[in-house]
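Me: I should like to go through the terms used for this model and ask what justifies each of them.

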Amino acid sequence: FISGYDSTDAQSGVSAEERASTVLAQAKDGAIFLMHCFAGNTKTADALYTIIPELQREGYELVTVSELLKEKGVKAEPHNGEMYYDAVLNP
């Protein structure tokens with residue numbers, strides 16, 4: 001099963017620790033976490049210093065979306081210019 005999750009990292013009032021806790025609490029096989037990279041959003045980068053080692057310690061492997069879809073046997077087809085729309089919503 002593949003599913004996307006919000007890491008709450010676009011909300012300025014959410015600390016790096018809260019962002020890490022949110023991601024780690026929702027982690028499961030096939031999870032895709034949306035995390036933002038924009039000017040001034042250093043809390044997300046800080047949270048990754050907790051998230052990545054902890055997920056690896058728990059035995060998770062971090063892969064690209066393309067790798068995840070291939071592993072799950074989902075064929076990705078472009079839909080209106082969006083590569084993963086159909087693959088994730090209509091496997």
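Reply: A polar contact is a pair of N or O atoms within 3.5 Å, one able to donate a hydrogen and the other to accept it. The model discussed here is predicted.

Me: What makes the approach of the R19 side chain to the backbone oxygen of Q11 a polar contact?

Reply: The R19 side chain reaches that backbone oxygen at 3.1 Å. The limit is 3.5 Å, so the pair qualifies as a polar contact.

Me: Why is R19 called buried?

Reply: Its relative accessible area is 1%. Buried means under 20%, and R19 is therefore buried. R19 is located in helix 1, residues 16–26. Among the residues R19 touches, leaving out those up to four places away in sequence, are S7, D9, N41, K43 and I51.

Me: Why are A16, A20, V23, A27, A47, I51 and L55 called a nonpolar core?

Reply: Such a core consists of buried residues of nonpolar kinds joined through side-chain atoms within 4.5 Å, and these 7 residues therefore form one, the largest nonpolar core. Helix 1 and helix 2 each contribute at least two of its residues. V23 also touches S7, F33, M35 and I51, again leaving out residues up to four places away in sequence. In soluble globular proteins, nonpolar side chains tend to be buried together.

Me: Which residues lie closest to the centre of the largest pocket, and which classes line it?

Reply: The largest pocket has a volume of about 610 Å³. Of its 23 lining residues, A31, E61, L62, V63 and L68 are the closest to the centre. The lining comprises 15 nonpolar, 2 polar and 6 charged residues.

Methods
Residues numbered from 1 in each chain as written. Predicted model: local features only at pLDDT ≥ 70, side-chain atom pairs only at ≥ 80, totals over all residues. Heavy atoms only, no water. Helix = DSSP H or I, 4+ residues; strand = E, 2+ residues; numbered from the N terminus. Buried < 20%, exposed > 50% of the residue type's maximum accessible area, 1.4 Å probe, protein only. Contact = heavy atoms within 4.5 Å. 1 Å grid on protein atoms, 1.4 Å probe; cavity = no way out; pocket = protein on both sides within 12 Å on 5 of 7 lines; lining within 4 Å. Points joined across faces, edges and corners; volume = space filled by probe spheres on them. Nonpolar A, V, L, I, M, F, W, Y, C, P; charged D, E, K, R; others polar.
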